[in-house]
Amino acid sequence: MKITRIDCHILLDPDYNPAATSSAQDDLVVEVHTDEGIVGIGETDLNPWIARECIEAPGTHTMDQGLGSVYLGLDPLDPPKAWWTAYQATAMTGRRGALVNAMGAIDMALWDIAGKAADAPTWTLLGERSRDHLGAYASLQPEVSNFDDYLSSMLQWAKSAKDMGFLAAKLETTFSGPYANMGLHEKDERMTEVIAAVRSQVGPDFILMVDVQYAFDSVDRARRVLETWIDLDIFFVETPLWTDDLDDYRALAESIPIRIAAGEWLSTHYEFEDLVHRGHVAVLQPDIGRVGGLTEAVKVTRLAAETGKLVVPHLWKTGISVAAAAHLATVTPHMPFFEFLPPPLCESRLRKELVVDEVTLSEGRVSIPERPGLGVELNRDSLELFKEAARRVRP
Ligand SMILES: [Mg+2]
């Protein structure tokens with residue numbers, strides 16, 4: 001089988017809010033076509049116009065190609081081999097960052113094709129089934145611009161998540177740093193106030209994670225705050241420090257009895273090796289698209305197994321990535337949860353409407369995928385609506 005064409009779809013939620021810190025509002029979706037008529041779908045999480053250029057840009061010499069021209073003619077049934085070919089042929093522009101993020105969408109689509117060609121769910125090609133059901137946690141980020149609304153919204157959403165059957169939720173409590181959402185700026189103690197209020201509402205058995213999104217500018221500040229959370233029984237604290245400050249991550253991880261999680265922006269498993277061996281975090285959070293697709297995500301899960309870490313993927317996109325995460329989780333026993341934006345509890349129309357997928361939640365569990373490939377289909381009417389919204393930003 002050969003790859004014959006890659007279609008790039010730039011999508012935008014027509015109701016997007018430029019003041020929000022939410023990459024769920026846009027998307028780069030690829031459809032990879034083959035000479036046998038099988039089409040695979042993938043997506044990735046970066047500026048979609050930049051992602052498209054990584055794929056469609058022409059190359060003028062052998063070591064700096066656009067991804068699209070490299071993948072044409074390759075065998076989609078061997079995604080790791082195609083990955084390495086593309087990684088080498090784009091090395092002067094790529095190796096990390098946007099170009100590897102864009103490769104992730106194509107790689108995801110190749111695994112979809114490989115599953116469809118085998119008439120089997122993609123996970124059967126990734127490894128051994130390791131469980132009977134999957135764990136997903138609800139990610140909760142109220143899109144409001146003052147603290148009182150934020151607190152009441154968070155309490156309401158946490159209750160809704162529990163009512164929907166979730167056993168775990170993550171609170172995006174970001175009141176400082178680069179991610180301060182919707183202009184909310186508050187003292188660190190306000191984070192503690194939110195977490196304590198949610199904990200007392202959901203009770204001791206519900207699992208809570210906290211994402212502070214790079215809020216702390218020093219290890220001392222992070223430690224001072226996290227020490228007050230020990231009794232609140234937090235499963236992990238995500239990205240407390242700037243992503244490059246790996247020595248600080250290590251200092252914090254070694255001085256606080258709460259798991260530290262990081263990795264959402266990293267591309268390739270090589271960057272995760274640094275995070276593990278230098279940063280000493282307990283939970284690795286590859287975003288399957290950004291890290292370079294399922295090919296790289298599987299390598300991160302192997303690294304985690306070898307070093308006694310957990311894997312809990314980042315996921316702030318649509319049902320395509322949810323499906324990819326479900327397939328990865330099926331073969332990864334040390335992946336207790338993956339991130340899940342519950343459609344009723346998020347603002348993104350892309351999350352709610354882009355695909356028809358089979359991943360649904362029942363009593364806090366997600367079932368093992370059974371359809372061939374990734375098991376998702378694009379809703380064509382929604383696709384056109386979101387493409388049109390993107391064209392209004394850039395024709
Ligand atoms: Mg995060």
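# Exercises on a two-domain chain

The centres of domain 1 and domain 2, taken over C-alpha atoms, are 24 Å apart; the domain bounds come from an automatic or database domain assignment. This is a predicted model, in which local features need pLDDT of at least 70 and side-chain atom pairs count only at pLDDT 80 or more, while totals for chains, interfaces and linings use all residues. Residues are numbered from 1 along each chain as its sequence is written.

## Exercise 1: the two domains

Describe which residues each domain holds, and how domain 1 meets domain 2.

*Solution.* Begin with the assignment, which gives domain 1 as 3–120 + 379–393 and domain 2 as 124–377. Next, turn to the contacts, where two residues are in contact if their C-beta atoms, placed from the backbone, lie within 7 Å: 44 residues of domain 1 are in contact with 39 residues of domain 2. On the side of domain 1 that touches domain 2, the elements giving two or more residues are β2, β3, α3 (79–89), α4 and α14 (380–393), and α4 supplies the largest share, with 14 residues. Helices (H or I, at least four residues) and strands (E, at least two) are DSSP runs, numbered from the N terminus. Finally, sort that side by class, which yields 20 nonpolar, 14 polar and 10 charged residues; here Ala, Val, Leu, Ile, Met, Phe, Trp, Tyr, Cys and Pro count as nonpolar, Asp, Glu, Lys and Arg as charged, and the others, Gly among them, as polar.

## Exercise 2: an open sheet and its helices

Work out the order of the strands in the sheet that holds β1, β2 and β3, and find which strands stand at its edges.

*Solution.* The 3 strands form an open sheet in the order β1-β2-β3, with antiparallel pairing. β1 (3–12) and β3 each have a single partner strand, so one side of each is left without a neighbour in the sheet, and these two stand at the edges. Two strands pair if DSSP finds at least two bridges between them, and β1 and β2 (residues 26–34) pair in the antiparallel sense over 9 bridges; in this pairing Ile6 stands opposite Val32 in β2. As a last step, add the helices: α1 (residues 48–56) lies across β1, β2 and β3 at about 165 degrees to β1, and α4 (residues 97–118) also lies across β1, β2 and β3, at about 150 degrees to β3. For these angles, axes are lines fitted to C-alpha atoms, for helices over the stretch in contact, and angles run from 0 to 180 degrees between N-to-C directions.

## Exercise 3: two residues and their distant partners

Decide whether Thr44 and Phe386 are buried or exposed, and list what each of them touches.

*Solution.* A residue is buried if 20 or more other C-beta atoms lie within 10 Å of its own, exposed if 12 or fewer, and partly exposed in between, with C-beta atoms placed from the backbone. Thr44, in strand β3 (residues 39–44), has 31 C-beta neighbours inside 10 Å and therefore counts as buried. Leaving aside neighbours within four places in sequence, Thr44 is in contact with Leu28, Ala51, Asn101, Ala102, Gly104, Ala105, Gly289 and Arg290. The C-alpha atoms of Thr44 and Gly289 are separated by 4.4 Å, although these residues are 245 residues apart along the chain.

Phe386, found in helix α14, has 25 C-beta neighbours inside 10 Å and so counts as buried. Not counting residues up to four places away in sequence, Phe386 touches Leu11, Leu12, Asp13, Leu350 and Leu354. The C-alpha atoms of Phe386 and Pro14, 372 residues apart along the chain, are separated by 6.7 Å.

## Exercise 4: positive phi in two loops

Find where Gln213 and Thr268 lie, and give the phi of each.

*Solution.* Most residues other than glycine have a negative phi. Gln213, in the loop between β6 (207–211) and α8 (219–227), has a positive phi near 50 degrees, and with 20 C-beta neighbours inside 10 Å it counts as buried. Thr268, in the loop between β8 (260–262) and α10 (269–277), has a positive phi near 75 degrees, and with 22 C-beta neighbours inside 10 Å it counts as buried. As for β6 itself, 4 of its 5 residues are buried, so this strand is largely enclosed by the rest of the structure. Strand β5 (residues 168–172) and β6 pair in the parallel sense over 5 bridges, and the bridge partner of Ala169 in β6 is Leu208.
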